[in-house]
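The following questions and answers examine a single protein structure. Please consult the sequence and the coordinates while reading.

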Amino acid sequence: MNEVEPDGSGTAARTLARLALLCLAGVVAAVVAAGQWLLLLLGFVGLCLAAAGIWWALAHRGLARLCGALLAVAAPVAVLVLYAVSGLWPFAASALGLWVAALACARSALRRLRAPRATHSRPVRPPRRPVLIMNPLSGGGKVGEHALVERAEALGARVILLDVDNSPDPAALARQALAEGADLLGVAGGDGTQALVAGVAAEHGVPFMVLAAGTRNHFAMDLGLDRDDPASGLQALSHGVEIRVDLGDVAGRPFVNTVSFGTYAEIVQSPEYRDAKASTTLDLLPDLLVGEAGAQLTATADGRRLEAPHALLVSNNPYAQAGPMGVGRRSHLDGGRLGVISLRIEGAAQAAELALRGERASGITSSTSRRVVVEADAETIPVAVDGEALLLPPPVVCAVRPKALRVRVPRDRPGAPYTAPSVDWRRIVRLALDRTPIPAVKNQEQSDA
């Protein structure tokens, strides 16, 4: 993996690390200047109480939920009022601003220190008989909005529009297209549709391409495509390069992004979820969080056991930042490893710890694995595969197929924005104090996958 971007980024990283430490010193100075550091620390107490209140609001109903919601609002408001009355608000505001600046500098330092690893690409000839499968409703109608059908046909592609009213099978359509002579399969639609067609492409060894016409377009983002202009992905047909990426597998079904187990997967099974996400979530969460509903899970990741997680996220290559919903992005898609994030919060105290420590809280574990086995005390396990709700019999096995997918992407594309790893202050200190020159390594290409 490339350690440093070229053009003096090592020096810039050290400078930013030193600025981060200076900002931290400013935080300490603001607290000392206030003279009433105990009152300033009440801000952290307010944060903990707010997190505990949110937990009570999510994990209970009725009066307990109301009290939790009130606490979540009242705690930070009370701290602000206390600061205003005591005259500490200028010091508190200064300390908060310097802390935010310290985090920004630290993250920027890490971003320059560790550049994304470039994926090797090779030039290819344009396909002769490309077939693109498009969902006209995906992403709120991006296929029609960006005239993808007309533009694709103008480049010689055959377009298959999904008949969404009749529960189409994208994988069956892809196999039929291959039987009729297609030499490239593409998708303009959501990640779930992309995964099904990608599985067929990988099975038959034909190239696959993506048009960012879905709602979130996580896979397209990590491929470095322009999500604001789905039509730009069509350049892969005429001016494309080919890269190899991994493909996830859950119980024999392909996935390109994530497989979710536990609370989120249970909630999306509800028929009411699609039309009323917030109210359905609030109605189901209490029973799921206290263990009175839903399957009790046990996961094994390369022999390491994860007992009874509330939420379990398995991703096709790890995300740069740990989070139960897969926040952030993946620095590469060809590492041959699954990302595994487990979340369990057993009470208000752990909720407060999560608010203070983030992904380093004891309730979150983050690791990588080649194989994850999920078991449950039920006949079926609710699973969300790239956002699609499924019920699978246990044990559910998740694996990764290294570089199984040939992906055709435009030669000129924006590239995926690099997400720096979470701030590790020990690394920042070492970087700030290190006077040894850091060698620069030239990237193979701007866009990484």
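Q: Which residue is the bridge partner of Thr258 in strand 11?
A: This is a predicted model, in which residues are numbered from 1 along each chain as its sequence is written, local features need pLDDT of at least 70, side-chain atom pairs count only at pLDDT 80 or more, and totals for chains, interfaces and linings use all residues. Side-chain values rest on heavy atoms, with hydrogens and water left out. Strands (E, at least two residues) and helices (H or I, at least four) are DSSP runs numbered from the N terminus, and two strands pair if DSSP finds at least two bridges between them. Strand 8 (residues 258–262) pairs with strand 11 (residues 311–316) in the antiparallel sense over five bridges; Phe261 has Leu312 as its partner in strand 11, and the partner of Thr258 there is Ser315.

Q: How many bridges join strand 11 to strand 12?
A: Strand 12 covers residues 338–343 and runs antiparallel to strand 11. Within this pairing, Asn316 has as its bridge partner Leu338. The number of bridges joining strand 11 to strand 12 is six.

Q: What is the order of the strands in the open sheet of six strands?
A: The pairing in this sheet is antiparallel, and the order is 13-12-11-8-15-16. Strand 13 (364–369) and strand 16 (388–392) each have a single partner strand, so one side of each is left without a neighbour in the sheet. Neighbouring strands are turned by 20° against each other on average, direction ignored, with axes taken as lines fitted to C-alpha atoms. The order is therefore 13-12-11-8-15-16, with strands 13 and 16 at the edges.

Q: How many of the residues of strand 11 are buried?
A: Buried means under 20% relative accessible area, exposed over 50%, and partly exposed in between (1.4 Å probe, protein chains only). Ala311, Leu313 and Ser315 on one side of strand 11 and Leu312, Val314 and Asn316 on the other are all buried, which leaves both faces covered. The number of buried residues in strand 11 is six of six.

Q: Which element gives the largest share of the largest nonpolar core?
A: A nonpolar core is a set of buried Ala, Val, Leu, Ile, Met, Phe, Trp, Tyr and Cys residues joined through side-chain atoms within 4.5 Å. The largest one has 35 residues, and Leu185, Phe208, Phe219, Leu223, Val245 and Leu405 have the most contacts inside it. Among the elements that give two or more residues to this core are strand 2, helix 9, strand 6 (240–250) and strand 17 (396–410). The largest share, six residues, comes from helix 8.

Q: Is Ala220 buried or exposed?
A: Ala220 is found in helix 9 (residues 218–222). Leaving aside neighbours within four places in sequence, Ala220 is in contact (heavy atoms within 4.5 Å) with Val210, Ala212 and Leu225. With a relative accessible area of 0%, Ala220 is buried.

Q: Is His120 buried or exposed?
A: His120 lies in the loop between helix 4 (89–113) and strand 1 (121–123). His120 and Ile243 are 123 residues apart in sequence and 6.4 Å apart in space, C-alpha to C-alpha. At a relative accessible area of 59%, His120 is exposed.

Q: Which residues form the aromatic pair found in the whole structure?
A: Rings of Phe, Tyr and Trp (its six-membered ring) pair if their centres lie within 6.5 Å; planes under 30 degrees apart count as stacked, over 60 as edge-to-face and the rest as tilted. A search of the whole structure finds one pair, and this pair is tilted, at 6.0 Å centre to centre and 35° between the planes. One ring lies in helix 4 and the other in helix 14 (residues 425–433), so the pair ties together parts that are 326 residues apart in sequence. The residues are Trp99 and Trp425.

Q: In which element of the protein chain is confidence lowest?
A: The mean pLDDT (the predictor's confidence in each residue, from 0 to 100) of the protein chain is 81, and 80% of its residues reach 70 or more. Over residues 1–8 the pLDDT stays under 50, and over residues 437–449 it is below 50. Where pLDDT is low, the predicted coordinates should not be read in detail. Confidence is highest in strand 2 (residues 130–134), at 97, and lowest, at a mean of 64, in helix 12 (residues 277–289).

Technical notes. Axes are lines fitted to C-alpha atoms, for helices over the stretch in contact, and angles run from 0 to 180 degrees between N-to-C directions.
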